[in-house]
Amino acid sequence: MREVWLRGGIVEGVPPLLQPVAHSLLQSREEVEHLLTGMTPAVIWQARHGAATVGFHVLHALGSLDRLFTYARGAMLSDAQLQVLRQEAGPDPELAADELIAGFDAAVTRALDQLRGTSASALTDARAVGRGRLPSTVVGLLFHAAEHTQRHIGQATSTAKLLA
């Protein structure tokens, strides 16, 4: 099957300039489902060769997607988001494939909803990132969120291949 961006489809309601972000997130969602379906928790949380676990990459991808989209809205992270960030590094052998797939799907759905509500005129609006209030823009954060998500899903896929 072709990658999402090569299927010629338009993600309904997403501004034209943000279609690549939507396509990237939808591609990541498909890859997460394909990767994790049937994978046992033991494999999801297995570390080998000093690489982060498959589970870490998926959790980090969905957590960072949420955080970066929060900054794109012009908001600071909540205490709950900071708690999730602290917990990402540790394995959670109780977290199974179907729960990770559902969590990732929900994160992508929220992100797509935000994209639909993002005005093209706001794309170059300044945004601050983190406690250091590092400079960015709405479009910079949205595109970085998409590429960062795909990077971690790619790393999860590579890690799974190492474990096979």
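Of the 164 residues of this chain, 43% count as buried, and I should say at once that we are looking at a predicted model, so every value I quote this morning is computed from its atoms. The accessible surface of the chain comes to about 8700 Å², and 59% of that surface belongs to carbon and sulfur atoms.

On overall dimensions, the C-alpha trace spans about 45 × 40 × 25 Å along its principal axes. The radius of gyration is 16 Å, which agrees with the value near 15 Å that a compact globule of 164 residues would have. As for charge, the chain carries 14 positive and 16 negative side chains, and the centres of these two sets are 6 Å apart.

Turning to secondary structure, the chain has six helices and two strands, and if you follow the elements from the N terminus you read α-α-α-α-α-β-β-α. How much of the contact total comes from residues 24 or more positions apart? Among contacts with a separation of 6 or more, such residues account for 71%.

Now to the interior, where the largest nonpolar core has 45 residues, and where the residues with the most contacts inside this core are L36, F69 and L115. Which elements give two or more residues to this core? They are α1, residues 19–36, then α3, residues 54–72, then α5, residues 97–116, and finally α6, residues 138–163. The largest share comes from α3, which supplies 10 residues.

F69 is a good place to begin on individual residues, since we have just met it in the core. Leaving aside neighbours within four places in sequence, F69 is in contact with V21 and L25, with A111, Q114 and L115, and with L142 and A145. One of those partners, L115, is itself named among the core residues with the most contacts.

Staying in the interior, V32 lies in helix α1 and is our next case: is V32 buried or exposed? Its relative accessibility is 1%, and because buried means under 20%, V32 counts as buried. When residues up to four places away in sequence are not counted, V32 touches V58, I101, F104 and I153. For the pair V32 and F104, the separation is 72 residues in sequence, while the C-alpha atoms are 7.7 Å apart in space.

Helix α1 also holds Q27, and Q27 is buried as well, with a relative accessible area of 9%. Setting aside the neighbours within four places in sequence, the residues in contact with Q27 are E3, V4 and Q150.

Let me move outward now, beginning with A102 in helix α5. With a relative accessibility of 45%, A102 counts as partly exposed, because that class covers values between the 20% limit for buried and the 50% limit for exposed. The C-alpha atoms of A102 and S24 are 18 Å apart, and these two residues are 78 positions apart in sequence.

In the loop between α4, residues 79–87, and α5 we find A89, which is exposed, with a relative accessible area of 63%. A89 and L65 are 24 residues apart along the chain, and their C-alpha atoms are separated by 16 Å.

The loop between the two strands, β1 at 126–129 and β2 at 134–137, contains R133. What is the sign of phi at R133? The angle is near 50 degrees, a positive value in a residue other than glycine. R133 has a relative accessibility of 51%, and because exposed means over 50%, R133 counts as exposed.

Last in my list is A164, in the segment after α6, and A164 counts as exposed, at 89% relative accessibility. The C-alpha atoms of A164 and A97 are 16 Å apart in space, and the two residues are 67 positions apart in sequence.

To gather this up, we have a predicted model of six helices and two strands, with a largest nonpolar core of 45 residues to which α3 gives the largest share. Within helix α1, V32 is buried and Q27 is buried too, whereas R133, in the loop between β1 and β2, counts as exposed. I will stop there and take comments.

Methods. Residues numbered from 1 in each chain as written. Predicted model: local features only at pLDDT ≥ 70, side-chain atom pairs only at ≥ 80, totals over all residues. Heavy atoms only, no water. Helix = DSSP H or I, 4+ residues; strand = E, 2+ residues; numbered from the N terminus. Rg over C-alpha atoms; globule rule 2.2 N^0.38 Å. Buried < 20%, exposed > 50% of the residue type's maximum accessible area, 1.4 Å probe, protein only. Contact = heavy atoms within 4.5 Å. Areas by Shrake-Rupley, 256 points an atom, 1.4 Å probe, with all protein chains shown as cover. Lys, Arg positive; Asp, Glu negative; His and termini not counted. Charge placed at Lys NZ, Arg CZ, Asp CG, Glu CD. Core = buried A, V, L, I, M, F, W, Y, C linked by side-chain atoms within 4.5 Å.
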